[in-house]
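Please read the following report alongside the sequence and the 3D view. It begins with the overall fold and then turns to one part of the surface.

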Amino acid sequence: MDDGLLWLAGVNLVLWTGLFLYMLRVERRIRQEEDR
Amino acid sequence: MSTLLRWILWLWISLVILGALLWAPVAQGFAGLDGASPQTSRIVFFHVPFSVGSFVGFVASGVWSVLYLWRRREKDDRAAAAAVEVSLVFCALATLTGAMWSRVQWGAYWNWDPRQTSIALALVFYGAYLSLRGALEDPEVRARISGAYAALGLVVAPFLFFIMPRMASFSLHPKPAGSEMDPRIGSVVGAGILGFSLLFFWMQNLRCRTLALEADDDFDGDRDNG
């Protein structure tokens, strides 16, 4: 298996997971504001 | 429950990424110029879902705009505006990934190919929507005029995405593959389209709720759930 593709997959997964966790945090903040 | 669904979406798109880069084979006949690796064609697994996601979003903004013009509910106007904002991000990413592939396959980032031109026109059309909203201060006037503009997009978007690229007698852009394509490629592209579309609606929902909170803030300084 191509090492470059493995590295690229890893980087993409890290970026996607970071975006996902950020969106979860934003949603939690929005819900707090809506419930106030 | 909704958090569980979010994590399922995380897993779905993670599997799309892994499938695109490690499982699906490279499409036949996509050797790049100047000896570039055929592996560069894997960018199509991201380019197509971004493109389809942006089209879905532009159509959704048109539908919400029609709903606003019919029912005059502010939440429909906010939903339309949020849909355009997120769709523009997806459209820009589709343009960027397309340009990267264009460089490898055809030797230049931009060739004024009919499909490249049509996606650039889509960016201009919907970018103008945001400019229009920014120029109109009165909320009701802004909602009505931008709503009519986005409703027009229900004709413009299908024309730009599907009709204009096919009107040209020649295009560098690959045609959709038929039954000769490896089924793994179709599976990953299909899964990517579904995953990215769901991601679009989640982003649109967050943006829409943020706009609602901002509108409540402007109205009377108190928060309500409207």
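Helices (H or I, at least four residues) and strands (E, at least two) are DSSP runs, numbered from the N terminus. By that reading chain B has six helices and zero strands, and along the sequence its pattern is α-α-α-α-α-α.

This is a predicted model, in which local features need pLDDT of at least 70 and side-chain atom pairs count only at pLDDT 80 or more, while totals for chains, interfaces and linings use all residues. Residues are numbered from 1 along each chain as its sequence is written, chains are lettered from A and ligands numbered from 1 in the order in which they are written, and side-chain values use heavy atoms, with hydrogens and water left out.

The table gathers overall values for chain B.

| Property of chain B | Value |
|---|---|
| Buried residues (under 20% relative accessible area, 1.4 Å probe, protein chains only) | 45% of 226 residues |
| Contacts (heavy atoms within 4.5 Å) joining residues at least 24 apart, among those between residues at least 6 apart in sequence | 76% |
| Exposed area (Shrake-Rupley method, 1.4 Å probe) | about 11,500 Å² |
| Part of that area supplied by carbon and sulfur atoms | 67% |

Helix α3 of chain B covers residues 74–106 and includes Leu93(B). Its 33 residues should span 48 Å at 1.5 Å a residue, and the end C-alpha atoms are 46 Å apart, which agrees; the expected span is 1.5 Å times one less than the number of residues. After α3(B) comes Gly107(B), with a positive phi near 90 degrees.

Leu93(B) is partly exposed (between 20% and 50%), with a relative accessible area of 30%.
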